[in-house]
Amino acid sequence: MTAATTTPFAVRTRETLEMLESSGQTKVLQTLDSPMDAVVKMVDPDGTTHERVCMCSNNYLGLANHPAVVDAGIEALKTYGAGTASVRFICGTFSPHHTLEQTIAEFMGTEAAYTFVSCWNATEALFPTVCEAGDIIISDELNHACIVDSMRLTPVIKKGVKKAIYKHDNLDSVKQALENAKNDPEVTGQIWLITDGVFSMEGDIADLPALRKLCDEYGALLCVDDSHGHGVMGKAGRGTHEHYNMIDENGKAQIDVFTGTLGKALGGGAGGFIAASQDLIDLIIQRGRPTLFSNALPVTVAASANAAIRTLMNEPERVEKLRDIVKYCREQIKSRTDFDVLESPTAICPIIVGDTAKAIAMSKALLNHNIFVIGFGFPVVPEGAARLRIQMSAAHTQKHVDQLVEALTKI
Ligand SMILES: Cc1ncc(COP(=O)(O)O)c(C=O)c1O
């Protein structure tokens with residue numbers, strides 16, 4: 001047997017880890033010892049504990065530790081036990097799955113919805129299931145990694161599905177990609193266009209009305225991953241389409257397919273979904289590999305997510321509260337520090353610093369001031385575009401923002 005430390009894998013892995021370490025790019029898994037909230041208790045590598053303002057979670061609405069959300073999970077745990085012990089089509093479908101899926105469809109303005117253990121999983125189910133030879137998937141170059149990987153996977157599972165990428169948020173490039181698809185003799189089936197609603201690293205949003213118009217012109221279906229938009233964008237927090245008033249008088253969204261996560265604003269637990277027409281969802285149930293061959297979303301999580309969305313539907317003012325604190329945060333960073341924060345209507349406030357090691361060093365320095373903000377570098381964002389990504393939550397107060405600004409002026 002080859003010695004474990006001399007295998008090609010062992011040698012190249014050690015080289016990669018040492019390169020990351022020596023260039024200051026190693027990610028440290030920060031440990032929390034309390035619920036996710038505006039302030040969290042953290043355990044440092046030396047074993048000391050610290051209360052820090054958490055400004056890097058996706059807990060946009062502060063629902064992760066909301067009593068109704070926690071209680072719903074506890075109640076479901078008592079009623080249904082710890083796990084489904086099955087995929088959905090065998091014996092893994094429980095009443096809370098149906099309840100949650102009806103709530104998601106109502107909230108999103110679609111005929112139906114179906115849940116997965118994550119949005120990553122949902123996206124991986126989507127294209128390989130709905131596409132057939134002769135179809136093409138057209139995607140924004142900055143779309144989330146789960147879309148990139150789903151697109152890579154699709155032609156492996158379904159030969160003859162084509163792909164095209166357009167320049168980020170560039171409508172000329174979108175039109176060109178659609179025109180190319182129209183004139184491509186190999187594209188004989190459906191054109192799918194997919195975009196993030198809110199782009200997670202920049203915090204900017206897709207021009208959904210213009211994309212809708214172009215999709216209609218070319219007979220394309222418009223798919224939106226609004227993982228950072230659901231719960232955040234629009235008056236009631238339905239998402240980026242609501243921000244653009246793309247909901248008709250019957251409450252129906254003018255988007256063909258949504259993918260989204262339950263692990264951010266909508267409960268913060270875990271889980272993802274596809275929301276679309278009943279037929280598309282039925283096809284996913286019949287043919288989607290991640291749902292046919294992988295366990296269902298745990299019932300406790302489904303119950304918590306349902307309580308989170310219902311809480312949001314009953315208390316839409318949470319979204320307004322989030323918007324107010326984001327505005328305050330942007331204003332304070334701009335007026336009281338030397339840093340510039342990217343402008344956007346979302347809860348993501350990135351400060352671009354360029355170098356990955358610098359972003360990580362700044363994040364470490366902020367920890368010493370009891371502010372928890374992660375520095376993002378390559379490969380999560382392009383080389384040279386490293387950043388501190390501040391994410392605001394409706395749970396934050398002006399005092400928390402003042403603490404952040406104070407710390408930024410000192411590091
Ligand atoms: C735009 C976008 N889509 C999908 C995901 C994946 O969501 P999940 O954690 O539910 O897999 C994320 C998470 O970072 C995201 O930002």
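Which residues does S227 touch, not counting residues up to four places away in sequence? Let me start there. The contacts are C119, G260, T261 and K264. Keep in mind that this is a predicted model.

Where is S227? It sits in the loop between β8 and α9, where α9 covers 240-243. S227 is buried: 30 other C-beta atoms lie within 10 Å of its own. The cut-off for buried is 20 or more, so S227 qualifies. Now look along the chain to K163. K163 is 64 residues away from S227 in sequence, and their C-alpha atoms are 22 Å apart.

S227 also brings us to the ligand. The ligand is surrounded by 13 residues. S227 is among the closest, together with S118, C119, W120 and T261. So what is the make-up of that shell, by class? Eight of its residues are polar, three are nonpolar and two are charged. Note two names that come back: C119 and T261 touch S227, and both are also listed among the closest to the ligand.

C119 and W120 lead us to a helix. Helix α5 takes in residues 119-130. That is twelve residues, reaching 16 Å from first C-alpha to last. The expected figure, at 1.5 Å a residue, is 16 Å, and the helix is close to it. Is α5 buried or exposed? Twelve of its twelve residues are buried, so the rest of the structure largely encloses it. The buried list includes C119, W120, N121, E124 and F127.

Next helix: α4, residues 95-108. It has 14 residues, which should span 20 Å at 1.5 Å a residue. Its end C-alpha atoms are 20 Å apart, in agreement. Its buried residues are P96, H97, L100, E101, T103, I104, A105, F107 and M108. A word on the pattern. An α-helix has 3.6 residues a turn, so residues three or four places apart point the same way. What covers the buried residues of α4? The cover includes two helices, α2 (67-80) and α12 (299-314). It also includes the strands β4 (112-116), β9 (257-261) and β10 (272-276). Straight after α4 comes G109, with a positive phi near 80°.

Now some strands. β5 covers residues 136-140, and five of its five residues are buried. Both faces are covered. I136, I138 and D140 are on one side, and I137 and S139 are on the other. β5 pairs with β6, residues 162-166, in the parallel sense, over five bridges. One bridge partner to find: I137 is matched in β6 by K163. That is the K163 whose C-alpha lies 22 Å from that of S227.

Then β7 and β8. β7 is residues 191-196, and six bridges join it to β8, running parallel. W192 stands opposite L221 in β8. β8 itself, residues 220-225, is mostly covered, with five of its six residues buried.

Let me step back to the domains. The assignment gives domain 2 as 67-314, and domain 1 as two pieces, 21-54 and 316-410. Their C-alpha centres lie 28 Å apart. How many residues are in contact across the two? It is 16 from domain 1 with 16 from domain 2. On the domain 1 side, α13 (317-336) and β11 (348-354) each give two or more residues. That side divides into twelve nonpolar, two polar and two charged residues.

One residue of β11 deserves a stop: I348. I348 is buried, with 23 other C-beta atoms within 10 Å. Its C-alpha is 5.0 Å from that of G203, though 145 residues separate them along the chain. Leaving out residues up to four places away in sequence, I348 touches S200, G203, H228, R389 and Q391.

Last item: an open sheet. It has four strands, in the order β1-β2-β3-β12, with mixed pairing. β1 (31-32) and β12 (371-372) are the edges. Each has a single partner strand, so one side of each is left without a neighbour in the sheet. For β12, look at β3, residues 49-54: the two pair in the parallel sense over two bridges. V53 stands opposite I371 there.

Note on methods: Residues numbered from 1 in each chain as written. Predicted model: local features only at pLDDT ≥ 70, side-chain atom pairs only at ≥ 80, totals over all residues. Near = placed C-beta within 6 Å. Nonpolar A, V, L, I, M, F, W, Y, C, P; charged D, E, K, R; others polar. Pairing = 2+ DSSP bridges. Domains from an automatic or database assignment. Contact = placed C-beta atoms within 7 Å. Expected span 1.5 Å × (residues − 1).
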